[in-house]
Amino acid sequence: METSPQPEPQLQTRRRKFECSLLPHGGYSLIPATLSTMAWIASLAQDGCDYARLTGPIVAELTNSNLQFPYLEVGFNAFRAPLPIGGNEWAVDYTSKCLDYDPDVVSMDGYWNAAKIFQFLSLVFGGGGSLFLWFSSCFLFSPATWRWAGYEVVAAFLFQSLAFLWFRTGMCRGDGNSCALFFGSKTDIVAAVFWLISALAIFLKYPAPQPKEGDTRSGLPAPEVEVASVDATDTASEDVVEVERPAESLDLPVEGDADAQMPPPIHDPADKTSGKKETEGEIV
């Protein structure tokens, strides 16, 4: 019995792995995706001028005001000054606009520019890796693809960590000046920790695809179809089908052949109509 050829498992997997199904790798794939997303959100939580708290003589130079500001909240591109609320207490109005740096007072050196680049790259790799990991909740990932997602998350962690080189800038290490961790840098620490944990979760375990009963879109290779071969000598359990052989062709008798037999008449002797027609034909 002939059967239609089955597609090769590798080709069948290639066709099916782009079909979406719910959690083909199980719930484990949600762990690194969620951690990476939380890290990316944490890195975006800052508003651009709350990365660190600056103190020192440079505060008066930046504000150029009669007020003696005790500190400034500074970021990569701008800063914000607090407002007096009575006595020696100061508070920051976070609805106020950030102020640009005066290039005559602050010089953006190599550490500053490098930190800005690293900060940008961490957002790119972190956001891209987070989005890519969410596809594992719908599509099949091979072990190599799963590792590539981990490489993106590791790159985000490294670039986020290198962004802290900003604390080596001349503004923070000048005479009497210092920069302390503030909201933006603390959220970046949280982001770096989440990215590190997410990368460890990726490299420590690959969640194998989990086939589901009745799910033909699991992306796994189709099971091999075994075709039973029938032995010619083993017909006890098989139904024997008798095939009617065609009647042997009758040969015309040859003169001198002792076994020669005359062929049967073409017409049926019982058919009186045909015999009558022959008789009438002979008479005519």
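**Entry 1: the largest pocket**

I began with the lining of the largest pocket in this predicted model, and I found Ser43, Leu44, Gln46, Asp47, Gly48, Phe76, Asn77, Lys116, Gln119, Phe120 and Leu123 along it. The volume of the largest pocket came out at about 200 Å³. I then asked which element gives the largest share of the lining, and the answer was α4, with four residues. Sorted by character, the residues lining the pocket are four nonpolar, five polar and two charged.

**Entry 2: α2 against α4**

From the pocket I went on to the packing of α4, taking helix α2 (residues 30–43) as the partner of helix α4 (residues 110–134), and I noted an angle of about 150 degrees with the axes 9 Å apart. Since angles over 145 degrees count as roughly antiparallel, α2 and α4 are therefore roughly antiparallel to each other. I recorded their crossing as left-handed.

For the contact itself, I listed Leu30, Pro32, Ala33, Thr34, Ser36, Thr37, Trp40 and Ser43 on the α2 side, and these meet Gln119, Leu123, Gly126, Gly127, Ser130, Leu133 and Trp134 on the α4 side. The residues of this contact divide into seven nonpolar and eight polar, with no charged residue. Going back to the pocket, I saw that Ser43, Gln119 and Leu123 appear in its lining, and that these residues also take part in the contact of α2 with α4.

**Entry 3: α4 against α7**

I next looked up α4 with α7, whose axes come within 12 Å and cross at roughly 45 degrees. That angle makes α4 oblique to α7, and the crossing is again one I entered as left-handed. On the α4 side the contact is made by Gln119, Ser122, Gly126, Ser130 and Leu133, and on the α7 side by Asp188, Trp195, Ser198 and Ile202. By character, the residues of this contact are three nonpolar, five polar and one charged. I marked Gln119, Gly126, Ser130 and Leu133 of α4, which meet α7 here and are also listed in the contact with α2.

**Entry 4: α5 against α7**

Last, I took helix α5 (residues 143–162) and helix α7 (residues 183–204), whose axes come within 9 Å and cross at roughly 155 degrees. With that angle, α5 is roughly antiparallel to α7, and α5 passes α7 in a left-handed crossing.

How do the residues of the contact of α5 with α7 divide into nonpolar, polar and charged? I found 14 nonpolar, four polar and two charged. Among the α5 residues I noted Trp146, Arg147, Tyr151 and Phe157, and among those of α7 Asp188, Trp195, Leu196 and Phe203. Asp188, Trp195, Ser198 and Ile202 of α7 belong to this contact and also to the contact with α4.

Note on methods
Residues numbered from 1 in each chain as written. Predicted model: local features only at pLDDT ≥ 70, side-chain atom pairs only at ≥ 80, totals over all residues. Heavy atoms only, no water. Axes fitted to C-alpha atoms, helices over the stretch in contact; angles between N-to-C directions. Helix = DSSP H or I, 4+ residues; strand = E, 2+ residues; numbered from the N terminus. Parallel < 35°, antiparallel > 145°, perpendicular 65-115°, else oblique. Left-handed = near helix turned anticlockwise from the far one by under 90°. Contact = heavy atoms within 4.5 Å. Nonpolar A, V, L, I, M, F, W, Y, C, P; charged D, E, K, R; others polar. 1 Å grid on protein atoms, 1.4 Å probe; cavity = no way out; pocket = protein on both sides within 12 Å on 5 of 7 lines; lining within 4 Å. Points joined across faces, edges and corners; volume = space filled by probe spheres on them.
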